[in-house]
Amino acid sequence: MRRQQPNGSQDRMTPEFMEWLKLKNVTRRQLRKDPAALDLYHQEWTKTRRKHRPKRPSLLQMIPSLNNMDLGAVVGNVQIAKELFNAYRDIRGKSIFKNI
């Protein structure tokens with residue numbers, strides 16, 4: 001019966017990590033002789049994985065640029081909103097920002 005690895009190192013031994021160890025020519029025998037090396041190799045592997053991770057676009061990149069905005073439409077919509085607030089205020093007879 002094969003001896004099982006401890007739980008701490010077992011979850012580290014993913015197929016991707018094992019493939020990376022093969023590329024580095026690291027054998028299981030070397031890892032058994034020096035368990036601390038496993039931690040070092042795993043840290044190095046996680047650092048290399050971070051570099052290849054796709055970056056999310058920032059919020060500024062997702063906001064349309066000002067060059068593509070139709071400022072005439074923006075001004076028109078602001079005027080419509082202003083007229084609606086004025087009509088509401090006239091109907092209520094009070095400022096819309098004051099509590100009843």
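## His42 in helix α4

His42 is located in helix α4 of this predicted model. Is His42 buried or exposed? His42 has a relative accessibility of 17%, and because buried means under 20%, His42 counts as buried. When neighbours within four places in sequence are set aside, His42 is in contact with two residues, Arg12 and Phe17.

## The nonpolar core

Phe17 also belongs to the largest nonpolar core, which has nine residues in all. The other members of that core are Met13, Met18, Trp20, Leu21, Val26, Leu31, Leu38 and Trp45. Which elements give two or more residues to this core? They are α2, covering residues 15-23, and α4, covering residues 35-51. With four residues, α2 gives the most to the core.

Val26 is one of the core residues. Not counting residues up to four places away in sequence, Val26 touches Leu21, Leu31 and Tyr41. Of these, Leu21 and Leu31 are listed in the core as well.

## The salt bridge

How many salt bridges does a search of the whole structure find? The search finds one. In this salt bridge the side chain of Glu44 meets that of Lys24, with 3.3 Å from N to O. The two residues are 20 residues apart and link distant parts of the chain. Glu44 is in helix α4, while Lys24 is in the loop between α2 and α3, the latter being residues 28-33.

Both ends of the pair fall in the class between buried, under 20%, and exposed, over 50%. Glu44 has a relative accessibility of 33%, so Glu44 counts as partly exposed. Lys24, at 41% relative accessibility, therefore also counts as partly exposed.

## Helix α6 and what follows

Helix α6 runs over residues 71-92, which is 22 residues. At 1.5 Å a residue, the helix should span 32 Å. The C-alpha atoms at its ends are 32 Å apart, so the span in the model agrees with the expected one. After α6 comes Gly93, which has a positive phi near 80°.

## Confidence in the model

What is the average pLDDT of the chain? The average is 78, and 75% of the residues score at least 70. Among the elements of the chain, α6 has the highest mean pLDDT, 89. The lowest mean, 54, is that of helix α1, residues 7-10.

Terms used: Residues are numbered from 1 along each chain as its sequence is written. Side-chain values use heavy atoms; hydrogens and water are left out. A nonpolar core is a set of buried Ala, Val, Leu, Ile, Met, Phe, Trp, Tyr and Cys residues joined through side-chain atoms within 4.5 Å. Buried means under 20% relative accessible area, exposed over 50%, partly exposed in between (1.4 Å probe, protein chains only). Contact means heavy atoms within 4.5 Å. A salt bridge is a side-chain nitrogen of Lys or Arg within 4 Å of a carboxyl oxygen of Asp or Glu. The expected span of a helix is 1.5 Å times one less than its number of residues. pLDDT is the predictor's confidence in each residue, from 0 to 100.
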